[in-house]
Amino acid sequence: MVATAFRALSLLPSVAIILTAVAATEAASYVLPAATFSTTAQREFDYFTLALQWPGTYCRRTHRCCSSNGCCGLNPLTDFTIHGLWPDYYDGSYPSCCKDSDFDEKKISSLLPDLRKYWPSLSCGSSSLCHVGKGLFWAHEWEKHGTCSYPSLKDEYSYFAKALDLYLKYNITRILNNDGIFVGTDERYSVGTIISAIIKALGTMPFLECSHGSLQELRLCFDKDFKPRDCIVQTSIQGNDRVDYKITSRKSCPRSISLPTYSPLGNGDASLVISS
Ligand SMILES: *[C@@H]1O[C@H](CO)[C@@H](O)[C@H](O)[C@H]1NC(C)=O
């Protein structure tokens, strides 16, 4: 579905994708408008998604190291890390870049030790920002998603503090361990077993996304007051004369999946990122 496809490409500005789609379907002479975001007209979001990434799956893609890549430490990361806390709409779309509020690291200086440990970037590239240029992974998440989390979260500090708070409160590694699911091994587990462990702990349905048979991302969803709720991700089923939608709890996951570990290249001096 469209929103999920955008999200998979979330390091690219969605405006660019829309313009590309327009360019492909319109006559060649069509003059594209300048890429500008409206930062006003988006309605309030419906619920939150806390997206967590499994480093064992992401970090297998690291072929070149750099200091900003959390995969580049001497030892493999053995815990889920945070991708972002995203305000979403029930229809599967989401607001983005809601306010002109440039990321300011000074506002979250007291959170930096935890952010470096639990919310590292897992790549060497920098991330697109809402208005101009590129920046830190944190800046991307704040400007694109965080600025839309009002009024539940009032500012940049509250946004990062709440994401960390939810991450530590619902420790997925521990929740899975409690049900006999051990991460960072070659063991394969059925998707149903993983989902059941989370339902048992939170009472709600998560969303799983895989890559090449391994868990890549696990999402937990919350109401606006941060009570766990089911994730609502729809897939479209194309019929002959209509499109139906079905709620799904997984994307690209075979019936049994692994949460593998990886061999760090260990030459990028990411000591800052993974120091404890
Ligand atoms: C989560 O739980 C695991 C397993 O009990 C533990 O090793 C890890 O340190 C915990 N993570 C955090 C961020 O507290």
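Glycine 203, which follows helix α8, has a positive phi, near 80°, in what is a predicted model. The helix before this glycine, α8, runs over residues 191–202 and has 12 residues. Within α8, Ile194, Ala197 and Ile198 are buried, and they cover an arc of only 95° around the axis, which puts them on the same side of α8. Gly192 and Lys200, by contrast, are exposed on the other side of α8. The cover over the buried residues of α8 includes α7, β5 (188–190) and β6 (207–211).

Helix α6 can be described in the same terms. Its buried residues are Glu156, Tyr159, Phe160, Ala163 and Tyr167, and because they cover an arc of only 90° around the axis, they lie on the same side of α6. These buried residues pack against β1 (47–53), β2, α4 (112–118) and α5, while Leu168 and Lys169 are exposed on the other side of α6. The spans of the two helices are set out below.

| Helix | Residues in helix | First to last C-alpha | Expected at 1.5 Å a residue |
|---|---|---|---|
| α6 | 14 residues | 20 Å | 20 Å |
| α8 | 12 residues | 17 Å | 16 Å |

In α6 the reach is close to the expected value, and the reach of α8 is likewise close to what is expected.

Leucine 168, found in helix α6, also belongs to the surroundings of the ligand, where the residues are Asp79, Tyr118, Leu168, Asn171, Thr173, Arg174 and Asn177. Leucine 168 counts as exposed because it has 10 C-beta neighbours inside 10 Å, and a residue is called exposed when that number is 12 or fewer. Although leucine 168 and tyrosine 118 are 50 residues apart in sequence, their C-alpha atoms are 9.2 Å apart in space. Helix α7 (residues 172–178) gives the most to the shell around the ligand, with 3 residues, and by class the shell has 2 nonpolar, 3 polar and 2 charged residues.

A separate set of positions comes from a record: an unreviewed UniProt entry lists His83, Glu141 and His145 under "active site". These residues span 63 residues in sequence, yet no two of their C-alpha atoms are more than 11.2 Å apart, so they gather at one spot.

Two of the listed positions can be followed in more detail. Histidine 83 is found in strand β2 (residues 81–88), and histidine 83 is buried because 25 other C-beta atoms lie within 10 Å, where 20 or more are needed. Leaving aside residues up to four places away in sequence, histidine 83 touches Ala51, Leu52, Gln53 and Glu217. Histidine 145, on the other hand, lies in the loop between α5 (137–144) and α6 (156–169); histidine 145 is buried as well, with 27 other C-beta atoms within 10 Å. With the same exclusion of residues up to four places away in sequence, histidine 145 touches Gly84, Leu85, Trp86, Pro87 and Ser96.

For the protein chain as a whole, the secondary structure comes to 9 helices and 12 strands, and buried residues make up 36% of its 276 residues. Of the contacts in the protein chain between residues at least 6 apart in sequence, 72% join residues at least 24 apart.

Methods:
Residues numbered from 1 in each chain as written. Predicted model: local features only at pLDDT ≥ 70, side-chain atom pairs only at ≥ 80, totals over all residues. Near = placed C-beta within 6 Å. Helix = DSSP H or I, 4+ residues; strand = E, 2+ residues; numbered from the N terminus. Nonpolar A, V, L, I, M, F, W, Y, C, P; charged D, E, K, R; others polar. UniProt positions renumbered as here; feature names shortened; annotations may be inferred. Contact = placed C-beta atoms within 7 Å. Expected span 1.5 Å × (residues − 1). Arc of directions from axis to C-beta.
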